[in-house]
Amino acid sequence: MKKGDRVEFIKRLSADIPAPVTELKYRNSYTLLIAVVLSAQATDVSVNKATKKLFRKYYTPVKMLDLGEEALKQYIRTIGLYNTKAKNIIALSKMLIELHAGQVPDERQALEALPGVGRKTAGVVLNEAFGKPTIAVDTHIYRVSNRTGLAKGKTPNEVEKKLHKVLPNEYIQNAHHWLILFGRYVCTARKPKCGNCVVFDLCSFKGKN
Ligand code: SF4
């Protein structure tokens, strides 16, 4: 894809979804972090269902430790890998209290040092909670970027680097949301909705129809 077309691509997505936000429900940076940890290999809808009750009472690291690992599992047992996720949530809550005065840090290195928090989770939290210009490449962004020719790469990290390189700075922070929502609802893995696609003419996917 040519440079000008890449800019046009992201401009059109921005016009289509002017104020994009995450579909995960949360009430502060801590509950956002927990929701993102829970969303690994799970849908936002399934996470929101489970956290609706959980976050009503347990929305700080101290409250989460009061709840405890076994009771936490009862809230999140409908989400895949809930045993490991519960363990990580309790461990990361302890670390937040011990190392960060109970606050979620706004630095990538500190976030990635927390149990169960990888590059993608840290990127989402930095973007959504702290307004940083990060792009967390999930399955949707990876597919859309490669398929359309917007930013090709063999790994999520390669795609992330390429997106930072090819997109104008002012679009980076929201590009994360635009690309996820576009991949979730239009450029879906199976049967992309090419007939309703605002970037049809710019897309280089051979299978578009
Ligand atoms: S034309 Fe089809 S494949 Fe290309 S970006 Fe649009 S929905 Fe995706």
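Contact means heavy atoms within 4.5 Å. The legends below describe a predicted model.

**Figure 1. Asn48 and its contacts in helix 3.** Asn48 sits in helix 3, which spans residues 44-57. Residues up to four places away in sequence are not counted here; beyond them, Asn48 touches Glu23, Leu24 and Lys25. Is Asn48 buried or exposed? Its relative accessible area is 15%. Buried means under 20%, so Asn48 is buried.

**Figure 2. Val198, in the segment after helix 11.** Helix 11 covers residues 169-185, and Val198 lies in the segment that follows. Val198 has a relative accessibility of 30%, so it counts as partly exposed. Which residues does Val198 contact, leaving aside its neighbours within four places in sequence? They are Arg12, Leu13 and Asp16. Asn48, the subject of the previous view, is 150 residues from Val198 in sequence. From C-alpha to C-alpha, Val198 and Asn48 are 29 Å apart in space.

**Figure 3. The ligand and its shell.** Eleven names are worth finding in this view, beginning with Arg147, Thr148, Phe182 and Cys187, which are among the residues that surround the ligand. Pro192, Cys194, Cys197 and Phe200 also belong to this shell. Cys203, Phe205 and Lys208 are part of the shell too. By class, the shell residues divide into eight nonpolar, one polar and two charged. Where is the ligand placed? The space that the ligand takes is the largest cavity.

**Figure 4. The cavity and its lining.** How many cavities of 30 Å³ or more does the structure hold? There is one. The largest cavity holds about 90 Å³ of space. It is lined by 13 residues, and those closest to its centre are Cys187, Cys194, Cys197, Cys203 and Lys208. The lining has 10 nonpolar, one polar and two charged residues. Cys187, Cys194, Cys197, Cys203 and Lys208 also appear in the shell around the ligand.

**Figure 5. The largest pocket.** This pocket has a volume of about 570 Å³. Of its 27 lining residues, Ser39, Ala42, Asp44, Asp138 and Arg184 are the closest to the centre. Four helices each supply at least two lining residues: helix 3, helix 8 (119-130), helix 9 (139-148) and helix 11. Which helix gives the largest share of the lining? Helix 11 does, with six residues. The lining of the largest pocket is made up of 11 nonpolar, 11 polar and five charged residues.

**Figure 6. Helix 9 and its surroundings.** Why is helix 9 described as largely enclosed by the rest of the structure? Eight of its 10 residues are buried, so the description applies. The buried residues of helix 9 include His140, Ile141, Arg143 and Val144. Ser145, Asn146, Arg147 and Thr148 are buried as well. What do the buried residues of helix 9 pack against? Their partners are helix 1 (3-16), helix 10 (156-166) and helix 11. Arg147 and Thr148 are also among the residues around the ligand.

**Figure 7. Gln41 and Leu81, two loop residues with positive phi.** Most residues other than glycine have a negative phi. Gln41 is not a glycine, yet its phi is positive, at about 55°. It lies in the loop between helix 2 (29-38) and helix 3. Gln41 has a relative accessible area of 75%, so it is exposed. Leu81 is not a glycine either, and its phi is positive at about 60°. Where is Leu81 placed? It is in the loop between helix 5 (69-76) and helix 6 (82-100).

**Figure 8. Asn83 and Phe205.** Asn83 is found in helix 6. At 40% relative accessibility, Asn83 counts as partly exposed. Along the chain, Asn83 and Phe205 are 122 residues apart. Their C-alpha atoms are separated by 39 Å. Phe205 is one of the residues surrounding the ligand.

**Figure 9. Lys191 and Pro133.** Lys191 lies in the segment after helix 11. Is Lys191 buried or exposed? Its relative accessibility is 75%, so Lys191 counts as exposed. Lys191 and Pro133 are 58 residues apart along the chain. A distance of 31 Å separates the C-alpha atoms of Lys191 and Pro133.

Methods
Residues numbered from 1 in each chain as written. Predicted model: local features only at pLDDT ≥ 70, side-chain atom pairs only at ≥ 80, totals over all residues. Heavy atoms only, no water. Near = heavy atom within 4 Å. 1 Å grid on protein atoms, 1.4 Å probe; cavity = no way out; pocket = protein on both sides within 12 Å on 5 of 7 lines; lining within 4 Å. Sits in = over half its atoms within 2 Å of the grid points. Nonpolar A, V, L, I, M, F, W, Y, C, P; charged D, E, K, R; others polar. Buried < 20%, exposed > 50% of the residue type's maximum accessible area, 1.4 Å probe, protein only. Points joined across faces, edges and corners; volume = space filled by probe spheres on them.
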